[in-house]
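Me: I'm new to this one. Please walk me through it, a bit at a time.

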Amino acid sequence: MNVNTEEKVGEIVGADIRTAHVFKKYGIDFCCGGGISLEKACERKNIELSEVVKDLEKTLAQKDEEALDFDKWSAAELCDYIEETHHSYVKEALPMLKAYAEKV
């Protein structure tokens with residue numbers, strides 16, 4: 001997937017929350033400061049645009065859950081998947097989500 005460098009940072013995260021980790025890595029504010037283009041955000045932070053784009057594209061290329069065929073899974077498999085995937089993600093993401101919620 002190609003990243004549009006003119007797209008606003010907040011819109012990129014809005015389209016795929018996984019990109020938030022990339023912006024956090026580079027110290028780019030995608031929340032309150034997310035109303036500027038990716039190109040402008042990198043320019044303001046003095047960050048190499050191509051590096052951020054590379055990381056974003058790598059993140060976006062990772063296998064998405066939508067590609068999984070949950071209809072063919074047993075109830076036990078679904079339960080294990082939900083617990084292992086989503087519960088661990090929530091535990092890891094809660095501090096970040098809390099900080100952003102307090103900021104907003």
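**Salt bridges, helices and surface**

Reply: There are six salt bridges, each a side-chain nitrogen of Lys or Arg within 4 Å of a carboxyl oxygen of Asp or Glu. This is a predicted model, where local features need pLDDT of at least 70 and side-chain atom pairs count only at pLDDT 80 or more, while totals for chains, interfaces and linings use all residues. Residues are numbered from 1 along each chain as its sequence is written, and side-chain values use heavy atoms, leaving out hydrogens and water.

Me: Before the pairs, how many helices and strands does the protein chain have?

Reply: Five helices and zero strands. Both are DSSP runs numbered from the N terminus (H or I, at least four residues, for helices; E, at least two, for strands). From the N terminus on, the order reads α-α-α-α-α.

Me: What box do the C-alpha atoms fill?

Reply: Roughly 50 × 30 × 15 Å, taken along the principal axes. The protein chain has 104 residues, and 26% of them count as buried. Buried means under 20% relative accessible area, exposed over 50%, and partly exposed in between (1.4 Å probe, protein chains only).

Me: Back to the pairs. Which residue does Asp55 meet in a salt bridge?

Reply: Lys25, at 2.7 Å from N to O. This pair links distant parts of the chain. Asp55 is in helix H4 (residues 49–61) and Lys25 is in helix H2 (residues 20–26), 30 residues apart.

Me: Is Asp55 buried or exposed? And what about Lys25, buried or exposed?

Reply: Asp55 is buried, because its relative accessible area is 15%. Lys25 is at 57%, so Lys25 counts as exposed.

Me: What about Glu43? Which residue is its salt-bridge partner?

Reply: Lys40, with the closest N and O atoms 3.6 Å apart. Both sit in helix H3 (residues 38–45), three residues apart, about one turn of the helix. Glu43 has 54% relative accessibility, so Glu43 is exposed. Lys40 comes to 36%, so Lys40 is partly exposed.

Me: And which residue pairs with Glu51?

Reply: Lys54 does, with 3.8 Å between the closest N and O atoms. Here too about one turn of the helix lies between the partners: Glu51 and Lys54 are three residues apart in H4. Glu51 is partly exposed, because its relative accessibility is 36%.

Me: Stay on H3 for a second. Which of its residues are buried?

Reply: Leu38, Ala41 and Cys42. They are on the same side of H3 because they cover an arc of only 95° around the axis. The arc is that of the directions from the helix axis to the C-beta atoms. Glu43 and Arg44 are exposed on the other side of H3.

Me: Now the loop after that. What stands out about the phi of Asn46?

Reply: Asn46 has a positive phi of about 60°, although it is not a glycine. Most residues other than glycine have a negative phi. Asn46 lies in the loop between H3 and H4. Its relative accessibility is 73%, so Asn46 counts as exposed.

Me: Change of topic: the surface. Which residues gather in a patch of negative charge?

Reply: Glu77, Asp80, Glu83 and Glu84. Asp80 is in helix H5 (residues 75–103) and is partly exposed because its relative accessibility is 42%. Patch residues have over 30% relative accessible area and no salt bridge; like charges are joined within 9 Å, nonpolar side chains (Val, Leu, Ile, Met, Phe, Trp, Tyr) within 5 Å. Asp and Glu count as negative, Lys and Arg as positive; His and the chain ends are not counted. A charge is placed at NZ of Lys, CZ of Arg, CG of Asp or CD of Glu.

Me: Which residues make the nonpolar surface patch?

Reply: Ile17, Tyr89, Val90, Leu94 and Leu97, with about 430 Å² between them. Areas come from the Shrake-Rupley method with a 1.4 Å probe; for residues, only the protein chains shown count as cover. Ile17 is in the loop between helix H1 (9–15) and H2. Ile17 is partly exposed, because its relative accessibility is 46%.

Me: Last one. How far is Ala93 from Ala41, C-alpha to C-alpha?

Reply: 23 Å, with their positions 52 residues apart along the chain. Ala93 lies in H5 and is buried because its relative accessibility is 4%.
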